[in-house]
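Please look over the structure shown here with an eye to its charged side chains, which the paragraphs below take up one group at a time.

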Amino acid sequence: MTCLFEICVVAVQVLGGGTYMEKTPTISVDTANVKHNISHFYEADNHQFNMNGYLILDTDTRIDLGYDNGLKSQKRNRSKALTIGLTQLAFIDNDSHITFGLSTKLGGKITETSCTDDSGMNKQFFCDNLATLQPFTQPEYSRNTKVSINYEHKFNWPFGIKI
């Protein structure tokens, strides 16, 4: 058990992680119903890697941690991201408890690079869906934040069976 400032880590577990390949667009159909191979625009230029795990403290607190090194490609980049979650367990009695949780994702912003038409008008559009009807703009970044409160109760069934 490791302790710092009188708070001790009771358990640590790595839930998963490793290298992966993000699923990216490969075909796009234009307004004339012509299919275009766009896979080369989104081919990952980096080795994608992620890792997720948690720490359980002796204060009935669980800390969830996640890391993703992002995506780098010709037309889409996603920055590195760190996910942090905190869940506190509060016992009511032997059969009931409440959990209070908060988690957020820091980073992970997606930046798109537009394609330009070859008509000479230099019209910009999204490469993955060839949408030219609206002007090209970067997608809005939103931080993924979640708050949760859960109540759990164990019912005592006849014959000593607990659920």
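Which residues are linked in a network of salt bridges? In this predicted model, the network is made up of Glu22, Asp68 and Arg78.

Within that network, the side chains of Arg78 and Glu22 form a salt bridge in which N and O are 2.3 Å apart. Arg78 belongs to strand E8, which covers residues 76-78, while Glu22 sits in the loop between strand E2 (7-20) and strand E3 (27-29), so this salt bridge ties together parts of the chain that are 56 residues apart in sequence. The two partners can also be described by their accessibility: Arg78, at 13% relative accessibility, counts as buried, whereas Glu22, with a relative accessible area of 25%, is partly exposed.

Strand E8 also holds Arg76, whose side chain meets that of Glu112 in a salt bridge of 2.8 Å, taken from N to O. Glu112 lies in strand E11 (residues 110-112), and the pair therefore links distant parts of the chain, 36 residues apart. Arg76 is buried, because its relative accessibility of 13% is under 20%, and Glu112 is likewise counted as buried, at 9%.

A further salt bridge joins Arg62 and Asp64, with 2.7 Å between the closest N and O atoms. Here Arg62 counts as partly exposed at 30% relative accessibility, and Asp64 counts as partly exposed at 24%. Altogether, the model has 4 salt bridges.

Key
Residues are numbered from 1 along each chain as its sequence is written. This is a predicted model: local features need pLDDT of at least 70, side-chain atom pairs count only at pLDDT 80 or more; totals for chains, interfaces and linings use all residues. Side-chain values use heavy atoms; hydrogens and water are left out. Helices (H or I, at least four residues) and strands (E, at least two) are DSSP runs, numbered from the N terminus. Buried means under 20% relative accessible area, exposed over 50%, partly exposed in between (1.4 Å probe, protein chains only).
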